[in-house]
Structures are given as structure tokens and as C-alpha cells.
Amino acid sequence: LREMVARALLFKGITLGQLGRSEVAIVVYDEMVARFGSSLEAAWRELVAKALVNKGGALEQLGRDEDAIVVWDEVISRFGAAPEVPLREQVGRALMSKGITLGQLGRSEAELAVYDEVVARLGTAPEAVLRELVAQALVYKGIGLGKLGRYEDAIVVCDEVVSRFGRAPEVPLREQVGKALLSKGGKLGQLGRYEDAIVVCDEVISRFGEAPELTLQEQVGEAFLSKAEKLGQLGRYEDAIVVCGEVV
């Protein structure tokens with residue numbers, strides 16, 4: 001019965017957040033943590049971790065980024081040594097949220113360090129849900145490096161995503177591979193390496209061109225458009241027109 005109460009409070013907080021009532025959601029998450037935060041049972045600890053992760057998200061929605069980071073740090077402090085996969089997942093999600101928020105605050109070096117921590121903590125995990133967090137961390141690290149103008153370093157990170165997860169059958173991991181390849185193509189374009197960028201676009205099309213999932217289809221479309229843009233930059237306008245026609 002106590003577990004049902006905990007789940008009810010968590011779901012209430014999530015629903016309030018979806019309704020845009022973030023202040024009330026935070027109160028509910030605090031109540032949930034106050035009631036069950038000292039519980040030692042793994043199931044309840046997972047619920048508490050989720051409540052804290054979501055509380056951080058609600059604080060961020062209210063523009064209270066620094067407070068959100070404090071809450072995500074609490075998740076890492078409380079559950080960072082836990083061996084259970086659901087708790088490791090919540091720690092990874094807290095770290096990812098922290099990293100993204102640091103990036104939005106312009107604290108790029110701290111952001112990159114957080115992504116490295118995700119990889120260090122979860123990089124050898126076999127579970128798909130944890131592997132997805134590692135892939136996300138690497139993709140975001142590549143984006144962060146690109147914002148700093150470190151395009152060569154970003155390309156290396158993109159290649160690491162493909163090397164680690166390029167053969168994964170799970171759609172979320174395939175999606176991260178697609179994001180990494182598109183990001184790599186963009187960085188190559190920034191360096192003026194248009195021919196190499198076109199090769200990368202073709203790889204996205206080759207890998208995911210027949211995929212039925214909408215997210216992967218969208219990435220294929222982006223690859224075609226990026227390829228057309230690079231062809232135009234090379235003065236190959238007729239080829240670019242053909243590629244645009246293939247999208248249609």
C-alpha cells in the first residue's frame with residue numbers, strides 16, 4: 001500500500017508537469033521524497049530517484065537552472081554507487097539533464113566533463129537503456145565540441161558513436177548513430193571538406209534508407225538535404241537538383 005502511495009505521488013507530479021503546473025509538481029515531488037526518501041527497498045529508491053530527476057526538470061522549466069542542477073547532483077550523490085540498473089539509469093538521466101543545462105548556461109567545459117562522466121560510469125554496461133544514455137552523452141559531447149569550434153575533436157567523438165553502436169539493432173541506438181553521422185557531416189562541412197561530408201550523408205542514406213521508423217526516415221531526409229547543400233557548395237548544381245528530387 002505504501003508503494004502504491006509512492007507511485008501515485010510520482011504520477012501526480014508527472015501529470016502536473018505535463019499540465020504546465022510546475023510549481024505544484026515540485027511540491028508533490030518534495031512530499032514523495034519526504035515520505036519515502038529514507039526507504040532502503042530498491043523499488044522505492046527508484047521511485048525517489050525518478051521524483052528527484054523530474055523535480056529538476058520542473059525547476060528548469062521555471063527557469064531555476066541552478067536549483068535544478070543542485071537536485072540532479074542530489075540524485076548522483078544518493079544513488080551514484082547503486083548497482084541496480086533502474087537506479088543507474090536515473091543517475092545517467094540526471095547527469096544528462098545537468099550537462100544539457102550547463103551547456104545552455106554557457107558553461108561548456110563543465111558540460112563536456114559531465115558527458116565524460118556518463119561514459120565513465122555507464123560505458124561498459126550491456127543493458128540497452130544504459131547504452132542509449134552513453135550514446136546520447138557522446139552525441140551531445142560532439143555537439144558541445146562543435147560549439148567551441150573544436151570540429152576535429154567533435155568528428156572523433158562522432159566516429160566513436162558509430163564504432164560503439166553502429167551494429168546495434170535497437171531503434172534508439174540506431175537513432176543516435178544517425179545523429180552522430182549527421183553531426184559529423186556538419187562538422188566536415190564547417191571544415192570545408194564537402195566531398196567527405198557527402199560520403200557521410202550517403203552513409204546515413206545507406207544505413208537507414210529502408211528503415212520504417214519515422215525518426216530514422218527524418219534523418220535520411222536530413223542527409224539528402226545536407227548532401228544537396230554540399231553539392232551546391234561544390235558547384236554541382238545539377239546533381240543537387242537530382243538529390244532534392246529524390247527527397248520528393
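**Exercise 1. The second largest pocket**

Find which helices each supply at least two residues of the lining of the second largest pocket in this predicted model.

*Solution.*
Step 1. List the lining. Val53, Arg93, Met96, Ser97, Ile100, Leu133, Gln136 and Tyr140 line this pocket.
Step 2. Assign residues to elements. Helix 5 (85-104) and helix 7 (128-147) each give at least two.
Step 3. Rank the contributions. Helix 5 gives the most, with four residues.
Step 4. Sort by character. The lining divides into five nonpolar, two polar and one charged residue.
Step 5. Add the volume. The second largest pocket has about 150 Å³.

**Exercise 2. The largest pocket**

Work out what surrounds the largest pocket and which element gives the largest share of its lining.

*Solution.*
Step 1. Start with the space. The largest pocket holds about 200 Å³.
Step 2. Identify the elements. Helix 1 (2-18), helix 2 (22-36) and helix 3 (42-61) are those that give two or more residues to its lining.
Step 3. Look toward the centre. The lining has 13 residues, and Tyr29, Asn54, Gly57, Ala58 and Gln61 lie nearest the centre.
Step 4. Rank again. Helix 3 provides the largest share, five residues.
Step 5. Check the chemistry. Six lining residues are nonpolar, seven are polar and none is charged.

**Exercise 3. The nonpolar core**

Describe the largest nonpolar core, then trace the contacts of Phe79.

*Solution.*
Step 1. Count the members. The core has 79 residues.
Step 2. Pick out the hubs. Met32, Phe79 and Phe165 have the most contacts inside the core.
Step 3. Find the main contributor. Helix 3 supplies the largest share of this core, nine residues.
Step 4. Follow Phe79. Set aside its neighbours within four places in sequence. Phe79 then touches Arg45, Val48, Ala49, Leu52, Leu87 and Val91, with heavy atoms within 4.5 Å.

**Exercise 4. The whole chain**

Summarise the fold, extent and surface of the protein chain.

*Solution.*
Step 1. Count the elements. The chain has twelve helices and zero strands. Every element in its order from the N terminus is therefore α.
Step 2. Take the dimensions. The C-alpha trace spans about 65 × 35 × 35 Å along its principal axes.
Step 3. Judge burial. Of the 248 residues, 44% count as buried, under 20% relative accessible area.
Step 4. Check the contact range. Take contacts between residues at least 6 apart in sequence. Of these, 58% join residues at least 24 apart.
Step 5. Finish with the surface. The accessible surface is about 12,300 Å², and 53% of it belongs to carbon and sulfur atoms.

Definitions and conventions: Residues numbered from 1 in each chain as written. Predicted model: local features only at pLDDT ≥ 70, side-chain atom pairs only at ≥ 80, totals over all residues. Heavy atoms only, no water. 1 Å grid on protein atoms, 1.4 Å probe; cavity = no way out; pocket = protein on both sides within 12 Å on 5 of 7 lines; lining within 4 Å. Points joined across faces, edges and corners; volume = space filled by probe spheres on them. Nonpolar A, V, L, I, M, F, W, Y, C, P; charged D, E, K, R; others polar. Core = buried A, V, L, I, M, F, W, Y, C linked by side-chain atoms within 4.5 Å. Buried < 20%, exposed > 50% of the residue type's maximum accessible area, 1.4 Å probe, protein only. Areas by Shrake-Rupley, 256 points an atom, 1.4 Å probe, with all protein chains shown as cover.
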